Amino acid sequence: MHTMFLFPSTALALAALASAQGFETNLGVLAPRNGFKAGYGNDVLFTLQPMNFAFPMSGVAASYTHAHVQSNGVIFLTNGGSSGETTTGYSTAPETQVANLCGTAGQPPRIAPMWRDLDNLEENGGGVFVNNTIPNKFVVTWSNTVQFGTTAPVFTLQAQLFATGEVHFYYSGTLASTAATICGVSEGNAVAAVPGVDFTTPAGNSGTSRLMFEQFAADTIDLQNKFVHFAPNVFGGYDETATDCGAFHQSYGKGCYDISNSFYQLFTDAAIASTALTGQSLTLTPTGAQYTASWGGGAFVMPTAAAVDVFATPTDDGERVVTPSVPFPSPTGPQASLRVHSNAVISWGAVAQTFPGTNSYTPTATGFLGGVNAGVYAWHDYAEQEAGSGRIKREEFVVGSDTILMVTWNDVESWPLSVVNAGSVQFQLNLTTGVVKIVWTTVDNNTASSYGSAHLVGYSPAGPSQDAGSITLATALPLTTQPQNVAALALSAAPAPISSATLGTVVTYTTSNMPPFDPAAATPAYVGLHVITLGQIPLGLDLTGIGAPGCRAYVSSLDLCMAMVNSSPTQTVSFTIPVLVTPGFEIFSQSVALILPGSLPNGQNALGMTFSNGLRQRIDAF
C-alpha cells in the first residue's frame, strides 16, 4: 500500500516551474587501493585499473589500456604498467599548472577534470569511484569531494573516456575552487604548450595539438552544472563544447545500518600495525554458532624442536591443508582439516580460500569479507622464502584436558626481500574447546614494499559478509559476532527526471533492504516513508541525539511524503515530474523504515527508524 501526502510548498513550487550525454549514475566501485580502504585518501594514487578497451591518444604510445587514478582530480593513462606519476601536482602557479599538464618526455597522458588539492572523505558519503564494466566506456567519479582543509562546499566531478577517443567531464552545481586550478586533457610526453581556452564559449578546438585546457584563478571557476566534451578532430587535436548537464539522479550519503557477521581491523601499513599489535593478542571464544572476541588473553609459546614445517619448502603466497589430531570445533561444526595460508590466514572449507577483488598478499576488506571459507586472519604479506627467514611451524600441545594446535610464524620475513623485517605471530587453536587465540610478539614496521605492508586482523564466516567498517580492536572489544548480515537501507530511482515543453516523467523510487517492522511477527510487515523535498543536507544531520546513532538525515524538510506498507523488503513509489520544469531545477529524496525500537540484530536503535542514503535529482529537458 502506498499513500501520498503533498505539502503546499512542494505543490506550489512544482506547479510554478511547470547523444544526449549525461552524468553516469552507475559509478561502479570505490577505487581499489592496495593495503588501504578503497576510494578514500588525500594525495594518493589508486590501484591501476584496466579500462577494458584501447583509448586512442598520442603521446608515448598510440593508445592506452589502463588508468592510474589520482585523488586530486586527474587520471594518468598507461598500457598496464604503473604511471610513476605524482600524487600531488596541484600547483596554483599558472606556469607550473601547464607544465604539469604537459608532462616531461616519456610521461603518460593525463586527463584532468579538475587538478586541485582534493580530500575524499568517507564521512562525506562519497569517495573516488571507477567503472570499467560499461562497454567501450571508462568512468571515474570524485563523488562528494571537498578541497583539502575545508568542509564545504561538497561537489562532484566525473570523467568519462570512450573507445572513440572522446572525453566528457561533468561538474556538479556546487563546484567551487578557492584556489587557482586547471582543467583539461593532455597527451603528456612534453607536448608543446598552447594557450588556454574558455570551455564555455560556443565551441573551441586545439588544432593539431592533443593539449587543451582552461585555467581558473581562485573563486572564478564557472563550470557548475556543465558537461565539457572533447572529440578528436580531423587535424589530430580536439573539438570542444560545453553543454548543460541534463537530467539525472545522484546518490549521496550512506544509509544505516550495515550489520555484519564478520569483524575486522585493517591496519593500512606496517608502521601502524607494529604499534598496535606488538605484544598483543586476540581471543575468540565460541558462543553458540558465533564467536565472542576479546582483546588480550593469550601468551606466546615458543615452538619446540618437535614442531614441523607447515610447508615442505619455504613458500610465498601458498596454502597447505593441515589435519589436526582431532577435528577442530568451529562455530559451524567440527572441521577435520584446516587450511593454513602462508600470509597468516587459517580457514576451513572444501576448497582453497579465495580473496575476491584482491590477491592473497594484499589485505583488503573486500577480500576478507568475500572469502569462500570461514577463517581467522592475521593477514599480511609474509615472505618465508626470503634468505634468513624463519619458518612457519605447527605442533600440538596437551595442556590439562585440552589439546591445542599451535601454528607459528616464527621470525618470518615480510616483503620487500631487500631488508630484514621479520615478525612473529602465533595461532593457538584449542581442539577441545574451540577457543582461538592470535598472539603477536614482534610486528615489523617497514613500509617499503611496493606491494603494500598492510595487516588485517579479524574473523569472517564462509561466503559474502556486509562491510560494517574497520573497528579498533583494542577499544571496540569485547563483541559477539552477529548471526546474520543486514544491509543498510538504500534508495535509488529511474528513469532520469526529464521535463520538456511536452514531456514529463514518471519516476519510480525503489527502497531496498527494509528491515521488518517486527522481526518476531509470523508474517513480517515492512513499513516506511519516502520523502521528496526542495532542500538537502549534503553531509547529513547526525541523528545520534534522538536515538539513531549511525544514521543521518539528508533532506531538510518533509515537503512530500509517500507511505510504504507491504510484505516485501523492497518497495517502490512513483512521482510524476510535470512538464515545463525549469532546466536545472533540483529536488531531493530520502527513505525511512520503521522498526520496533531495539529490534535490529545488535539492538539498534531506540528511535525505531532507519534511514537511507540521500538522492539528488536534477530535472532537465534531456
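The legends below accompany close-up views of aromatic rings, charges over rings and cysteines in a predicted model.

**View 1. Phe-23 and Tyr-170 form a tilted aromatic pair.** Welcome to one of the 20 aromatic pairs that a search of the whole structure finds. Here the ring centres of Phe-23 and Tyr-170 are 4.5 Å apart, with 55° between the planes. Phe-23 belongs to the loop between α1 (8-16) and β2 (29-30), while Tyr-170 sits in strand β11 (residues 167-171). The pair therefore links distant parts of the chain, 147 residues apart. Phe-23 has a relative accessible area of 8%, so this residue is buried. Tyr-170 is buried too, at 0% relative accessibility.

**View 2. Phe-355 and Trp-379 make a tilted pair.** The planes of these two rings meet at 40° and their centres are 5.1 Å apart. Phe-355 comes from the loop between β26 (345-348) and α4 (365-369), and Trp-379 from strand β27 (residues 374-380), so the pair ties together parts that are 24 residues apart in sequence. Both Phe-355 and Trp-379 are buried.

**View 3. Five aromatic residues join in a cluster, and an arginine sits over one of the rings.** The members, linked by ring pairs, are Phe-169, Tyr-171, Phe-199, Phe-230 and Tyr-238. Look also for Arg-210: its charged end sits over the ring of Tyr-238, 4.9 Å from the ring centre.

**View 4. Arg-33 lies over the face of Phe-36.** In this arginine–ring contact, Arg-33 is 3.8 Å from the ring centre of Phe-36.

**View 5. A disulfide joins Cys-256 to Cys-551.** A search of the whole structure finds one disulfide, and here it is, with an S to S distance of 2.0 Å. The link of Cys-256 and Cys-551 is right-handed, with 100° about the S-S bond. Cys-256 lies in the loop between β17 (248-252) and β18 (263-267), and Cys-551 in the loop between β37 (536-542) and β38 (552-555), so the bond ties together parts that are 295 residues apart in sequence. Cys-256 is buried, and so is Cys-551.

**View 6. Cys-102 and Cys-561 each sit too far from another cysteine sulfur for a bond.** For Cys-102, the closest cysteine sulfur is in Cys-183, 15 Å away, which is too far for a bond. Cys-102 has 6% relative accessibility and so counts as buried. Cys-561 is in no disulfide either, and its nearest cysteine sulfur, that of Cys-256, is 17 Å away. With a relative accessible area of 5%, Cys-561 is buried.

Methods:
Residues numbered from 1 in each chain as written. Predicted model: local features only at pLDDT ≥ 70, side-chain atom pairs only at ≥ 80, totals over all residues. Heavy atoms only, no water. Phe/Tyr/Trp six-rings, centres within 6.5 Å; stacked < 30°, edge-to-face > 60°. Helix = DSSP H or I, 4+ residues; strand = E, 2+ residues; numbered from the N terminus. Buried < 20%, exposed > 50% of the residue type's maximum accessible area, 1.4 Å probe, protein only. Lys NZ or Arg CZ within 6 Å of the ring centre and 35° of its normal. Disulfide = S-S within 2.5 Å.
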